Amino acid sequence: MALETRRLDKFLADHLQINRREVRILLARRTVSVDDKLVVDGNVLVNRFSKITLDGNVLQAIEPRYFMLHKPVGVVSATTDKQHKTVLDLLSVTDSDGLHIAGRLDLNSSGLILLTDDSRWSEALAHPDKNVAKHYRVTLKNRLDESYIDAFANGMYFPYEDIVTQPARLRIVSDYEADVWLTEGKYHQIKRMFGRFRNPVVALHRISIGAITLDNNLAPGYYRPLNPAEIESVFAAMQP
Ligand code: URA
């Protein structure tokens, strides 16, 4: 879902209902700014979040939105669903408008879900090169032992996708609980990895994604906007 871009001169012509020659004059008179920088080149690409002003008057200034939500068990990570309540149903109508989910959880998993209307941001989070770690607390039906640690670290072959999973970190928390850090998100990945030990997952909760940790003050079903440091942590991780 790449963020659509268009040329500044096309934006100005459409927005102001003027022709290309009039646009060129406006630009040459140094009246147009993009993101608070003066622009004279009509080829410059803008997107729906670019702040565009003409003589100091705002033509477009849409702030992207970012939220964290505590997904309860039984709510589906989708924007619409015929059978179940969706994570978007947990947001107010105005907040949920135009949002998409950055990283899903299974119906019977709980924990941190991120939502945004900024596809540059969600793409950065999902980019395989960025190795953004997702941290889960897993509760199992049977006892764990140390042999799980190496099996997760070495990767497991998934014949359906014909891939070996990326090295994953596993820390034993108690006889029936483990913390797992994944840098990818294959279908039912954690359940399938514990399935190799014939050890069913009875509860799966996501604690964090990269530097963003589920707020302890958010009860299941509640959400809040991300703060600037949380938003910026994802763009900072994008730097090579
Ligand atoms: N792995 C799973 O099996 N389920 C999730 O919801 C997330 C990771």
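Which polar backbone atom is 3.5 Å from an oxygen atom of the ligand? Let me start there, friends, and then walk outwards. That backbone atom belongs to Gln189, and the distance to the ligand oxygen is 3.5 Å. Please keep in mind throughout that this is a predicted model.

Two side chains also reach the ligand with polar atoms. Asp106 places a polar side-chain atom 2.7 Å from a nitrogen atom of the ligand. Ser109 has a polar side-chain atom 2.9 Å from an oxygen atom of the ligand. As for cover, on its own the ligand has 240 Å² of accessible area, and the protein covers 94% of that.

Where does the ligand sit? In the largest pocket. If you want to follow along on the structure, the residues around the ligand are Leu105, Asp106, Ser109, Tyr136, His188, Gln189, Ile190, Lys191 and Leu204. Sorted by class, that shell has four nonpolar residues, three polar ones and two charged ones. Helix H6, which spans residues 189–195, supplies the largest share of the shell, with three residues.

Now, on to the strands, beginning with E15. Strand E15 covers residues 201–209, and two bridges join it to strand E9, residues 110–116, with the two running parallel. One bridge to look for there is Ser110 with His205 as its partner in E15.

Strand E10, residues 134–140, pairs with E15 as well, this time in the antiparallel sense and over seven bridges. In that pairing, Val138 has Leu204 of E15 as its bridge partner. You have met Leu204 already, as one of the residues around the ligand. Tyr136 was on that list too.

E15 has a further antiparallel pairing, over two bridges, with strand E16, residues 212–213. Here Ile209 stands opposite Ile212 in E16. These two strands make a hairpin with two residues between them, and Gly210 in the turn has a positive phi of about 55°.

Last stop: a separate topic, the open sheet. Four strands form it, in the order E3-E2-E5-E6, and the pairing is antiparallel. Why is one side of E3 and of E6 left without a neighbour in the sheet? Strand E3 (37–38) and strand E6 (57–60) stand at the edges and have a single partner strand each, so one side of each stays without a neighbour.

Looking at one pairing in that sheet, strand E2, residues 32–34, is joined to E3 by two bridges, and the two run antiparallel. Ser33 has Leu38 in E3 as its bridge partner.

To come back to where we began: the ligand has polar atoms of Asp106, Ser109 and Gln189 at the distances I gave. Thanks for listening, everyone!

How values were computed
Residues are numbered from 1 along each chain as its sequence is written. This is a predicted model: local features need pLDDT of at least 70, side-chain atom pairs count only at pLDDT 80 or more; totals for chains, interfaces and linings use all residues. Side-chain values use heavy atoms; hydrogens and water are left out. A residue is near a molecule or strand if one of its heavy atoms lies within 4 Å of it. A polar contact is a pair of N or O atoms within 3.5 Å; within protein, one must be able to donate a hydrogen and the other to accept it, and residues adjacent in sequence count only if both atoms are side-chain atoms. Accessible areas come from the Shrake-Rupley method with a 1.4 Å probe; for residues, only the protein chains shown count as cover. On a 1 Å grid over the protein atoms alone, a cavity is a set of points where a 1.4 Å probe fits but cannot get out, and a pocket is an open set with protein on both sides within 12 Å along at least five of seven lines; lining residues have an atom within 4 Å of a point. A molecule sits in a cavity or pocket if more than half of its atoms lie within 2 Å of its grid points. Ala, Val, Leu, Ile, Met, Phe, Trp, Tyr, Cys and Pro count as nonpolar, Asp, Glu, Lys and Arg as charged, and the others, Gly among them, as polar. Two strands pair if DSSP finds at least two bridges between them.
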